[in-house]
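Below is a colleague's note on a structure, set out as numbered points that can be checked one by one against the coordinates.

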Amino acid sequence: MLYLPKSQPAPDCLAHEKTKADGDYKCGDVLNRLASDFKNKCYLCEDKTATSINVEHFIAHKGDKNLKFDWANLFYACGHCNNIKLAKYNSLLNCTTDADIEAKIRYDIKSFPKELPQIFAIDNAANTYQTVSLLLAIFNGTTPLKKLESANLRDKLIKEVHNFQSILIQYFDYTDAELTEEANALLPQIKLHIGKTANFASFKRWIIRNNDALLAEFGQYLD
Ligand SMILES: [Zn+2]
C-alpha cells in the first residue's frame, strides 16, 4: 500500500450536499479529485484496469453525515475490494495520512502461474495486521464468487510482475555485457513500473526492496 496524501482543500460541494436530505457525496469534482489523488487506481489492490470503481468511505458512515461527507473519509476503490472491506475493517492503516505505510507491509510475489501473493506485517500494530488481513482476503477471495474474482486479479498481477521482471533481466544482461546505452534505454520503463502511479506498484517496489542488488541499482527511484 502506498502513501497517497489527499489534495486540499476539500471540494466545495461536499459542505453544501451535507445540508441536504438526499445529498450526494460524489458531487462536483469529487470523482476527478479522488482519481487524481489515488493515481487512477484502487488504493487496496492497486489494479489500474478495474472496471468497477467505487467511492468508498474509509470509516463506514452508517448514516453519520459527518463521516459520509468528510473529504478525508472518501477513498477510491474497486468494487471487488470495496465489497470485501464493507464495514468489517474499521482499523486499517490510512494510506492518505501515514507517510511510513510502505515500511509497514511487505509484499512478495513470484511470477509463476497460480502463485499466491505473500503479504506480511512488518510491525506489530493491530491496524497493520488488520490491513494485511484485508489485503490477503482481496487477493485470495472470501466467498466462492470472490475467489473467482481474486483468481482473475492474481492473473493480472502475475502477468504484470512477469513483464516487469523480464525488463529487469534484460537490463542486467545489457549491463553485464557493458552495453550501457541499451541498459539506459530501459531505465524509463523500469522507473514507470516502480513509480506510485504504476499498476500493482507495491508488489514491484518490494521486488526491488527484497533484493540487495536491485535495491542498490534502483532504490534511488523509490521516491
Ligand atoms: Zn481493488
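The points that follow take up the metal site, the helices, the nonpolar core and some individual residues.

1. The model is predicted, and every statement here should be read with that in mind. Numbering runs from 1 along the chain as its sequence is written.

2. The zinc ion is held by four sulfur donors, the SG atoms of Cys-42, Cys-45, Cys-78 and Cys-81, at 2.3 Å. The angles among the four donor atoms run from 101 to 116 degrees, and the site is tetrahedral. Along the sequence, the donor residues follow the spacing C-x2-C-x32-C-x2-C. Of these donors, Cys-42 and Cys-45 are both buried.

3. Glu-46 sits in the loop between α2 (30–37) and β1 (53–57), and has a positive phi of about 65 degrees although it is not a glycine. Because its relative accessibility is 3%, Glu-46 counts as buried. A reviewer may wish to look at the backbone of Glu-46 together with that of Lys-62, where phi is near 45 degrees, again a positive value in a residue other than glycine. Lys-62 belongs to the loop between β1 and α3 (65–68) and, with a relative accessible area of 69%, is exposed.

4. One further backbone feature is the cis peptide bond that joins Gln-8 and Pro-9, for which omega is about -5 degrees. Pro-9 lies in the segment before α1 (13–18).

5. Does the environment of Lys-85 place this residue as buried or exposed? Its relative accessibility is 0%, and Lys-85 therefore counts as buried; the residue is part of helix α4. The side chain of Lys-85 reaches the backbone oxygen of Phe-58 at 2.9 Å. Apart from neighbours within four places in sequence, Lys-85 is in contact with Tyr-43, Leu-44, Glu-56, His-57, Phe-58, Leu-92 and Leu-134.

6. Asn-73, in the loop between α3 and β2 (74–78), is likewise a polar residue to check, and at 3% relative accessibility it counts as buried. With neighbours within four places in sequence left aside, the contacts of Asn-73 are Lys-6, Glu-56, His-57, Phe-58, Ile-59 and Leu-67.

7. Helix α6 covers residues 144–176, and its length can be tested: at 1.5 Å a residue its 33 residues should span 48 Å, and the end C-alpha atoms are 47 Å apart, which agrees. Among the buried residues of α6 are Leu-153, Leu-157, Val-161, Phe-164 and Leu-168, but also Lys-146, Arg-154 and Glu-160. The buried residues of this helix pack against α4 (79–85), α5 (126–140), α7 (180–194), α8 (201–209) and α9 (212–218). Just after α6, Glu-178 takes a positive phi of about 60 degrees.

8. Helix α8 is largely enclosed by the rest of the structure, because eight of its nine residues are buried. These buried residues are Ala-201, Ser-202, Phe-203, Lys-204, Arg-205, Trp-206, Ile-207 and Ile-208. Their cover includes β3 (105–108), β4 (118–121), α5, α6, α7 and α9.

9. Which residues touch the most other members of the largest nonpolar core? In this core of 64 residues they are Tyr-43, Leu-44, Ile-138, Phe-139 and Phe-218. The largest share of the core, eight residues, comes from α6. In soluble globular proteins, nonpolar side chains tend to be buried together. Taking one of the residues named above, Tyr-43 has contacts, beyond neighbours within four places in sequence, with Met-1, Phe-38, Glu-56, Phe-58, Phe-75, Tyr-76, Ala-77, Lys-85 and Cys-95.

10. Asn-140, whose place is in helix α5, counts as partly exposed, since its relative accessibility is 27%. Not counting residues up to four places away in sequence, Asn-140 touches Leu-116, Pro-117, Lys-147, Ser-150 and Arg-154, and of these both Ser-150 and Arg-154 are listed with the buried residues of α6. The C-alpha atoms of Asn-140 and Thr-51, which are 89 residues apart along the chain, are separated by 19 Å.

Technical notes: Predicted model: local features only at pLDDT ≥ 70, side-chain atom pairs only at ≥ 80, totals over all residues. Heavy atoms only, no water. Donors = N, O, S within 2.8 Å, 3.2 Å for Na, K, Ca; no water. Tetrahedral: all angles 85-135°; square planar, octahedral: opposite > 155°, others 65-115°. Buried < 20%, exposed > 50% of the residue type's maximum accessible area, 1.4 Å probe, protein only. Helix = DSSP H or I, 4+ residues; strand = E, 2+ residues; numbered from the N terminus. Expected span 1.5 Å × (residues − 1). Contact = heavy atoms within 4.5 Å. Polar contact = N/O pair within 3.5 Å; in protein donor to acceptor, adjacent residues only side chain to side chain. Core = buried A, V, L, I, M, F, W, Y, C linked by side-chain atoms within 4.5 Å.
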